Amino acid sequence: MRSKIVFLINGSAGRVADNASRQKLTGMIAQAFAEAEVIVTDGGGELARLAQRAIDRGSTMVVAGGGDGTINAVASAVAGTTTVLGVLPLGTLNHFAKDAGIPLNIESALQTLRAGHVALVDVGQVNERIFLNNSGLGLYPDIVFLREAEQKRGIAKWPAALWAALVELSPYRLLVVRVRVDGRELLLKAPIVFVGNNEYEFAGVGLPTRTRLDAGRLCLYIPPAEGELRLLWFAVRAWLGTLRLGNDFDGLLTEAFSIHSRQRLLRISIDGEVDQMATPLNFRIRPRALRVAVPTPTA
């Protein structure tokens, strides 16, 4: 009999990068879910395929163990099905887990999975790819792309990120695109185009968060196009989490829009992972398309 619960653990996630941590985690899973199947992968490339295989075999829950990229990969198979997505937050930032109210402590996260409470949350989609948190064009994916290249050369993540930011900011060419939304066409010249799956709150110190994951709206954020010093200050404030909606961004709530460019391919971030996509980029919201295990019942 196939296991009804499958754990897919990204072995490259920071909290399970060594064998001792992996063995401890698999032991905790075995204690909480004696009949669960646990698969540890060396990277994220196989996650979507393994999740689809679990669904095809009748699994009622597929648990993604890793960061936001891992969760996205598993959710890409789970979304639109009756299978529940479970989350073990093993990444660095864990944006989705935080916004969904899933505890970051592993034991508490396992208790959440055992509780059996399920919430229906929205999924954003751009062309054929989904995103649970956000998607972005311009400065951010360019910095991430260069940072990852530096990491492959053996540079640590944060020094690589700082170096990438300095390189990309001096000088930086503005992104020029046309956005077709709600019957209008907007010509944008901006350093960043940021798309949230539901509305982010840019308030207080810390990273922006969402209070709702089921409002059925995308939020398109566009910062002003200004000089390099302003761009540098914008990047610093984004890193510190002190940006403000209204002062630093113009925000637009919508259900669907498209981005057009003279460039055939645009670099794009999807839940922190960078890819290239052919234009036009067609964004839409898929309301309540994903079933997620959460700590408390929802209405």
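1. P280 falls in the loop that connects β15 (273–278) with β16 (281–294). In this predicted model, the peptide bond leading from T279 into P280 is cis, and its omega is near 5°. Most peptide bonds are trans. The T279 to P280 bond is therefore a departure from the usual geometry and worth a look in the structure.

2. Two residues deserve a check of their backbone angles. N94 has a phi near 55°, a positive value in a residue that is not glycine. D271 is also not a glycine, and its phi is positive at about 50°. Most residues other than glycine have a negative phi.

3. Where do these two residues lie? N94 is in the loop between β4 (84–89) and α4 (95–100), and D271 is in the loop between β14 (265–270) and β15. Is N94 buried or exposed? The relative accessible area of N94 is 5%, so N94 is buried. D271 is likewise counted as buried, because its relative accessibility is 5%, under the 20% limit.

4. On the chain as a whole: there are eight helices and 16 strands. The chain has 299 residues, of which 48% count as buried. The exposed surface of the chain comes to about 14,600 Å², with 52% of it supplied by carbon and sulfur atoms. If contacts are restricted to residues at least 6 apart in sequence, 70% of them join residues at least 24 apart.

5. Strand β11 (residues 218–222) is largely enclosed by the rest of the structure, because five of its five residues are buried. In a regular strand the side chains alternate between the two faces of the sheet. For β11, one side carries L218, L220 and I222, the other carries C219 and Y221, and all of these are buried, so that both faces are covered. Y221 has a relative accessible area of 0%.

6. What is the direction of β10 (residues 192–197) relative to β11? The two strands run antiparallel and are joined by four bridges. Within this pairing, N197 of β10 stands opposite L218 in β11.

7. The count of aromatic pairs comes to five. One of them is F194 with Y200: the ring centres are 5.5 Å apart and the planes meet at 70°, so this pair is edge-to-face. Both partners are buried, F194 with a relative accessible area of 17% and Y200 at 4% relative accessibility. F194 also pairs with Y221, with ring centres 5.6 Å apart and planes at 50°, so that pair is tilted. Since F194 belongs to strand β10 and Y221 to strand β11, the tilted pair ties together parts that are 27 residues apart in sequence.

8. Two further features involve aromatic rings. F131, F257 and F283 make up one aromatic cluster. The charged end of R114 is placed over the ring of F33, at 5.8 Å from the ring centre.

9. N134 lies in strand β7 (residues 134–138) and is buried, with a relative accessible area of 14%. Which side chain does the side chain of N134 reach through a polar contact? The partner is Y200, at 3.0 Å. Y200 is thus shared between this contact and the edge-to-face pair with F194. Beyond its neighbours within four places in sequence, N134 is in contact with F194, V195, G196, Y200, S269, I270 and D271. That list includes D271, the residue with the positive phi of about 50°, and F194, which lies in strand β10.

10. L50 is in helix α2 (residues 47–56). L50 is buried, its relative accessible area being 8%. Setting aside neighbours within four places in sequence, L50 is in contact with L8, I39 and T41. The C-alpha atoms of L50 and A73 are separated by 9.9 Å, and the two residues are 23 apart along the chain.

Technical notes:
Residues are numbered from 1 along each chain as its sequence is written. This is a predicted model: local features need pLDDT of at least 70, side-chain atom pairs count only at pLDDT 80 or more; totals for chains, interfaces and linings use all residues. Side-chain values use heavy atoms; hydrogens and water are left out. Buried means under 20% relative accessible area, exposed over 50%, partly exposed in between (1.4 Å probe, protein chains only). Contact means heavy atoms within 4.5 Å. Accessible areas come from the Shrake-Rupley method with a 1.4 Å probe; for residues, only the protein chains shown count as cover. Two strands pair if DSSP finds at least two bridges between them. Rings of Phe, Tyr and Trp (its six-membered ring) pair if their centres lie within 6.5 Å; planes under 30 degrees apart count as stacked, over 60 as edge-to-face and the rest as tilted. A charge sits over a ring if NZ of Lys or CZ of Arg is within 6 Å of the ring centre and within 35 degrees of the ring normal. A polar contact is a pair of N or O atoms within 3.5 Å; within protein, one must be able to donate a hydrogen and the other to accept it, and residues adjacent in sequence count only if both atoms are side-chain atoms.
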